[in-house]
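Colleague: Could you walk me through this one before I set anything up? I'd like the overall picture first and the local oddities afterwards.

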Amino acid sequence: MEFIHLYAAMAGAFAAAMAGALIFRERPAVANWLAHGLSAAGCLLAVAGAARVFAAGPQAFGLPVDTLFGAVTVRADYLSAFFLAVIGTVGAAASVYALAYSREYYGRRLGSMGLLYAAFLLSMLVVVTVSQVVAFVVAWELMTVASFLLVAHEREKAAASRAAYVYFVMTHIGTAFIIVAFLLLVPPGGSLDFAALAAPAGWLRDAAFVCALIGFGTKAGIIPLHVWLPEAHPAAPTHVSAVMSGVMIKTAIYGLARFYLEFLGPGPLWWGAAVLAAAALSSVLGVLYALMQHDVKRLLAYHSVENIGIILLGVGGGLLFASAGLPALAGLAWAAALFHVLNHALFKSLLFMGAGAVLQAAHTRDIEHLGGLIRFMPYTALFFLVGAVAISGLPPLNGFASEWLTFQALVALPAAVAGMAGKLAAAVLVSVLGLTGALAAACFVKVFAMIFLAKPRSEQAAAAREASWLMLAPMGALAALCVALGVLPVWLISLLTGTVAPFLGEGAKAALAEGAWHTAGFRATAAAGAMSPAALVALLLAGLAAAAVAYRAFGRVERAAGETWTCGIVPTARMEYTATGFAEPIRRAFAAVLLPKPDVVVEEDPHHYFGRRMVFHVRITYIFTEAVYRPASRGAVALAQFMKRLQTGSVQLYVGYILAVTVAVLVWSTRW
Amino acid sequence: METLAILLLATAFLLTRTSRLATAVHILLAQSAVVAAACAVAGWQAGETHMFVAALLTVVVKAGLIPYALLRLVRLLRREREVNPVIGANMTSLAAVGAMVLAYGLIEHALPAVISRDAVATAVALVLIGLLLIITRRQAIMQIVGLITMENGLYLLGLSTTRGLPLIIELGIFFDVLVAVTVMVILAFRLKRSFQTTDTSILKRLKG
């Protein structure tokens, strides 16, 4: 099938999904199957369209609409196709998951949820393919509005509507910057098609860079523009959270790639440095804040901030290499970033789905109240574990592959920046990435242990049952993809180099193709720093096999049943390690950044020596919220209070203002 | 034309002095009649027949329907009068004089040697005095009167600068005024019903 047919079929499937959800809103089962089933079909068609582009080269066709702002073209080059594939894959998995998960929402506005969900997915797919400024902005805003309404779906909860409000305000600020960035690129009197955009000269080009970084950075959730993300992602229904955290924030990476690769071209060194600084901040602070959370969905949302930071490490490296005239290394860095886009989309949506399954089974998102679920939900536990290992960047899973590639790019930084600065930057950024991975691993040890291991910490956790197969199947598929991309990353990396090479000039294409640098990072025979995931897996399996043989030969397990000695008290779940306790050493080590405020309440008892109840609370300080957003909101309120003096409520005074302005304008206009 | 301009300024000046609502409406009626006459005169000078239609419409709408509606309302408000204006009558008159000076000064500066100097200046002065009435009076009726005065000024401005607007636009303007006044009369009536007064300073309480 031609791309245009696939695209039309995709749009049709989503339109049918929306119509079905709307028409059958009174019959939730029908609406559920129509909305989410057709959405899954649409997403698969998007993946097919992407495959078609990769097979047959970039595609373009004009839409048969004539707008006020000129013709609208759908153009799918390799970059668009890559994002189509990412969104399609995650969207399809989330839609199948939603078939079972939205049973929770029967009788709770399921019709509108299905309608908005389909609109949300479609708008994302349109964003990454449409090739005209106004159409892009419209699709972008449609995406924002649909996701805003989905975040606010459980509007009875005050937290949800508050989160939605914060989200709306922040993304609107971001969109303003995006529009400015686009308008800076539009040639005077020129067309608004992406092909006609050209970078302006001088400081306007820098302004376009900064506006794009702020605008798309808000959507991506880079620190300090991230405040909406940990509020909004947990508030949405879980399959929507999976899509938002997995792919919606990646549309911002798509926007950045369009701007920095295609529209603006290589810039000064400080562009890359600025992106790298934001990336380092986002990755370390994101994972530190994640470690401090107890709400599993909120924790995962903070991990999205961290992973966006890792992706931006690749983007920033790409910018630096491009400005230093090193297209091959720039291609490496960009490919690392795009690879992590895909990987994060896979494992983050997998983890959100796992969290959703747990939430549905145990009715709580607080990991302090979970525990022991591995016995009740073995498959969910297994898939969650795969996602956790992947996000921690451990080999042989996909998170490792892309982080390894990012490491390779960062180690080469001194090639772009001469002197001590480059060496220092490389050292610092490599350690930042390493620290991030280590902290993420610590965080997921905590999450997995608290949710799945030990004894249930509450009655509802003890009553948990395994999720429906419709929820397990997409999780299993995503987990399998995580493993596959980790073990066999090379084919995808060559696909990604093909994706970014056209933007980096003809030289880059040749260098990337001939040098085959990507194999350097992964081939066992290459120079230092090289490795092969497949060989690694083989070694791992061999080791396991040897261990199994050794166990068979020499292992003898003596089972001895007996009660755990707990000083004469019956052991209960309250004696287990808590998430707060697990995070305490890290909270101490990073006290300078997290500024924890512990709060111990001891309820005194006449009997001094036993039965004292202690309540321990610890709050950490979100420095950017405290240092930027709180003063800003206070300032806004103070300004409003000041302006209120103008608003006396007297009609006469209001008309008086008009008279004063009229007379002033009249006098001024006659140059009196 | 000059005579008519002087008459118009005189009516506007009188409006700043009156505190009885019925008197104000009668002065307004006279003012609108003068505007209609000005329209007819302008049409006669320019030889445009459609101006006579406009003049007739002015008489019907501004000297007929609107004063009729306002007077009916005033009859219901027997005990209402402008007792406590924001600025007293004397100061308002002074301000009106200031507005006239300002208007003439503006015309001298912006359009030196314009043919219909008096008419244009009168128009600007009427707009300013109308605004002044809205600002300084608390009675809803007086504010409506101020608005119609402004409207008359605008109409005169259009008349004196363009040799008459196309009829369709004039019809639009009349319809606009009629609808606006209808709404305002209804609102004033509801104000009376809800608060037993048409003193708009009571609306301050609406502020949150």
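Modeller: Buried residues make up 50% of the 672 residues in chain A, where buried means 20 or more other C-beta atoms within 10 Å of the residue's own, exposed means 12 or fewer, partly exposed lies in between, and C-beta atoms are placed from the backbone. This is a predicted model, in which local features need pLDDT of at least 70, side-chain atom pairs count only at pLDDT 80 or more, and totals for chains, interfaces and linings use all residues. Residues are numbered from 1 along each chain as its sequence is written, while chains are lettered from A and ligands numbered from 1 in the order in which they are written.

Colleague: What is the mean pLDDT of chain A?

Modeller: For chain A the mean is 88, and 95% of its residues reach 70 or more, pLDDT being the predictor's confidence in each residue, from 0 to 100. Over residues 514-529 of chain A, however, the pLDDT is below 50, and this stretch has 30 contacts in the model beyond near neighbours in sequence; two residues are in contact if their C-beta atoms, placed from the backbone, lie within 7 Å.

Colleague: What radius of gyration does chain A have, and what would a compact globule have?

Modeller: Chain A has 27 Å, which agrees with the value near 26 Å for a compact globule of 672 residues; the radius is taken over C-alpha atoms, and the globule rule is 2.2 Å times the number of residues to the power 0.38. Along its principal axes the C-alpha trace of chain A spans about 100 × 75 × 60 Å.

Colleague: And how many helices and strands are in chain A?

Modeller: Chain A comes to 26 helices and four strands, which are DSSP runs numbered from the N terminus, with helices being H or I of at least four residues and strands E of at least two.

Colleague: Switching to the local oddities, where is A:Pro224 found?

Modeller: A:Pro224 is in the loop between helix H7 (203-220) and helix H8 (229-235) of chain A, and the peptide bond from A:Ile223 to A:Pro224 is cis, with omega near 10 degrees. Most residues other than glycine have a negative phi, and most peptide bonds are trans.

Colleague: What about A:Cys567, is that one buried or exposed?

Modeller: A:Cys567 is exposed, with 5 other C-beta atoms within 10 Å, and its phi is positive, near 55 degrees. A:Leu595 also has a positive phi, of about 45 degrees, although it is not a glycine, and it counts as partly exposed with 14 C-beta neighbours inside 10 Å.

Colleague: How many residues of chain B are in contact with chain A?

Modeller: On chain B there are 16, in contact with 13 residues of chain A. H5(B) gives the most to that side of chain B, with five residues.

Colleague: How do the residues on that side of chain B divide?

Modeller: They divide into ten nonpolar, four polar and two charged, where Ala, Val, Leu, Ile, Met, Phe, Trp, Tyr, Cys and Pro count as nonpolar, Asp, Glu, Lys and Arg as charged, and the others, Gly among them, as polar.

Colleague: Last one: which residues of H7(B) are buried?

Modeller: In H7(B), B:Glu170, B:Val177, B:Val181 and B:Ala188 are buried, and the buried residues of H7(B) pack against helix H3 (50-76) and helix H6 (140-162) of chain B.
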